[in-house]
Amino acid sequence: MSDTEIKLVMAFIRPDKLSDVKQALAEVGAPSLTVTNVSGRGSQPAKKGQWRGEEYTVDLHQKVKVECVVADIPADDVAEAIVDAAHTDEKGDGKVFVLPVESAYQIRTGKTGPDAV
């Protein structure tokens, strides 16, 4: 096992930017990712509406959570690729977080650490 650090790059982005983000990740050499549909709130304002005469507020917005674990590619390069691809210059563009990964195990081969990534 090498001393290479393993990082988790986790991003919350607009659903319509997923295709751009996937392409950007492939271009920096990080094609492996996990995508989850999520909802949440941040600085993006709540939306008000009416349904059957009742007013309601939508303060949880639909987002896509993209997770990418890297060891042989700089996590900062991955994060920057996501930021560049997901940017619209409007509130609600999302966030990117880089976290350390303590260990990794590949189930099929039994590899551990950076070799498992």
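Residues are termed buried when their relative accessible area is under 20% and exposed when it is over 50%. By these cut-offs, the predicted model was examined at helix H1 and at its two largest pockets.

Helix H1 spans residues 18-27, and its buried residues are Leu18, Val21, Ala24 and Leu25. These four lie on the same side of H1, because the arc they cover around the axis is only 125 degrees. The exposed residues Ser19 and Glu27 are carried on the face of H1 turned away from that buried side. Cover for the buried residues comes from several elements, including strands S1 (6-13), S2 (34-40) and S5 (61-70) as well as helix H2 (75-86). After H1 comes glycine 29, with a positive phi near 85 degrees.

The largest pocket holds about 320 Å³ of space. Its lining consists of 16 residues, and those nearest the centre are Ser32, Cys68, Val69, Val70 and Val117. Strand S5, which also helps to cover the buried residues of H1, supplies the largest share of this lining, with four residues. Eleven of the lining residues are nonpolar, three are polar and two are charged.

The second largest pocket holds about 260 Å³. Of the 15 residues that line the second largest pocket, Arg41, Gly42, Lys63, Gly94 and Lys95 lie nearest its centre. At least two lining residues come from each of S2, S5 and strand S6 (94-101). In this lining, three residues are nonpolar, eight are polar and four are charged.

How values were computed
Residues are numbered from 1 along each chain as its sequence is written. This is a predicted model: local features need pLDDT of at least 70, side-chain atom pairs count only at pLDDT 80 or more; totals for chains, interfaces and linings use all residues. Side-chain values use heavy atoms; hydrogens and water are left out. Buried means under 20% relative accessible area, exposed over 50%, partly exposed in between (1.4 Å probe, protein chains only). The arc is that of the directions from the helix axis to the C-beta atoms. Contact means heavy atoms within 4.5 Å. On a 1 Å grid over the protein atoms alone, a cavity is a set of points where a 1.4 Å probe fits but cannot get out, and a pocket is an open set with protein on both sides within 12 Å along at least five of seven lines; lining residues have an atom within 4 Å of a point. Grid points are joined across faces, edges and corners, and a volume is the space filled by probe spheres set on the points. Ala, Val, Leu, Ile, Met, Phe, Trp, Tyr, Cys and Pro count as nonpolar, Asp, Glu, Lys and Arg as charged, and the others, Gly among them, as polar.
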